[in-house]
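Biologist: Please take a close look at one part of this model, the helix α3 and what surrounds it. Then set that part in the context of the rest of the chain.

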Amino acid sequence: MEKRLTGGAATTMANGGANEDFRQMLTRMECDGHLRRVKKTIRPEHITALCGKAPGAIMCEAVEGFDIPVVGGLYWTRARTASALGWREGELGPRFAASVANPIAPETVNTGLCQDVVSTGDDVDLTSLPIPF
């Protein structure tokens, strides 16, 4: 079973209307200095504290006991939220307000990267994910 770091549906970005997936967003945030990679193996229960102390969002590439990376702290500050959305920080208020006033209808699709790994019924096991309980 292959596990990939994916963001599911693409997000429409403001800059020219280009579509950007989760990986592309992370790459851009890293280039902008808002995301740092942690290569050292991290215990899952330490991720939240690490996110709280880090000067930017973090990607833990190695989480003890798991084979998938964890990204955290993406939206903890206005600057990080703006970076994640590809907006200037000063645009957050007006653009959020405009989005609430003019919502776009959701689009239902039959397939997507977010469905690469699907568990149902007795196969569902949240302890298989690096979620600190």
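Modeller: What follows starts with the whole chain, turns to α3, and then moves outward to the cores, the salt bridges and the surface.

The model is predicted, and the values below are computed from it. The protein has 4 helices and 5 strands, arranged along the sequence in the pattern β-β-α-β-α-β-β-α-α. Of its 133 residues, 24% are buried. Among contacts between residues at least 6 apart in sequence, 40% join residues at least 24 apart.

Helix α3 covers residues 78–85. Its buried residues are R80, T81, A82, S83 and A84. These buried residues pack against β2 (19–20), α1 (22–31), β4 (57–60) and α4. The helix is followed by G86, whose phi is positive, near 75°.

Which residues does S83 touch beyond its neighbours within four places in sequence? The contacts are R28, M29, D32 and H34. Two of these, R28 and M29, carry numbers that fall within the range of α1, 22–31. S83 has a relative accessibility of 5%; the cut-off for buried is 20%, so S83 counts as buried. A84, also buried in α3, belongs to a nonpolar core of 8 residues, which also includes M25, L26 and L35.

That core lies apart from the largest nonpolar core, which has 9 residues: V38, I42, I47, C51, A54, I58, C60, V63 and V70. Helix α2 and strand β4 each supply at least two residues of this largest core. β4 is also one of the elements against which the buried residues of α3 pack. Within the largest core, C60 can serve as an example: leaving aside neighbours within four places in sequence, C60 is in contact with V38, I42, I47, L50, P69 and V70. V63, another member of this core, has its C-alpha atom 9.8 Å from that of H46, and these two residues are 17 apart along the chain. H46 itself is in the loop between β3 (35–38) and α2 (47–53). With a relative accessibility of 44%, H46 counts as partly exposed.

Past the end of α3, the next point to look at is W87. A search of the whole structure finds 1 aromatic pair. This pair is made by W87 and F96, with ring centres 5.5 Å apart and planes at 65°; edge-to-face requires planes over 60 degrees apart, so the pair falls in that class. The two partners differ in accessibility: W87 is buried at 16% relative accessible area, whereas F96 is partly exposed at 40%. F96 falls within the residue range of α4, 92–101. Between these two ring-bearing residues in sequence are R88 and E91, whose side chains meet in a salt bridge with an N to O distance of 3.0 Å. R88 is exposed, with a relative accessible area of 60%.

The R88 and E91 pair is one of the 8 salt bridges that the structure holds. Another joins R37 to E30, with the closest N and O atoms 3.0 Å apart. Both partners are partly exposed, R37 at 38% and E30 at 30%. A further salt bridge joins K39 and E61, at 3.4 Å from N to O. The K39 and E61 pair links distant parts of the chain: K39 is in the loop between β3 and α2, E61 is in the loop between β4 and β5 (70–72), and the two are 22 residues apart. K39 is exposed at 61% relative accessible area, while E61 is partly exposed at 31%. Through salt bridges that share partners, E30, R37, K39 and E61 are joined into one network.

Last comes the surface. The protein exposes about 9200 Å², of which carbon and sulfur atoms supply 54%. V124, L126, L129 and I131 form a nonpolar patch there, with about 330 Å² of accessible area together. V124 is in the segment after α4 and is partly exposed, with a relative accessible area of 47%.

To return to the request: α3 has five named buried residues, R80, T81, A82, S83 and A84, and these pack against β2, α1, β4 and α4.

Methods. Residues numbered from 1 in each chain as written. Predicted model: local features only at pLDDT ≥ 70, side-chain atom pairs only at ≥ 80, totals over all residues. Heavy atoms only, no water. Buried < 20%, exposed > 50% of the residue type's maximum accessible area, 1.4 Å probe, protein only. Patch = residues over 30% accessible without salt bridge, like charges linked within 9 Å, V, L, I, M, F, W, Y side chains within 5 Å. Areas by Shrake-Rupley, 256 points an atom, 1.4 Å probe, with all protein chains shown as cover. Salt bridge = Lys/Arg side-chain N within 4 Å of Asp/Glu carboxyl O. Contact = heavy atoms within 4.5 Å. Core = buried A, V, L, I, M, F, W, Y, C linked by side-chain atoms within 4.5 Å. Phe/Tyr/Trp six-rings, centres within 6.5 Å; stacked < 30°, edge-to-face > 60°.
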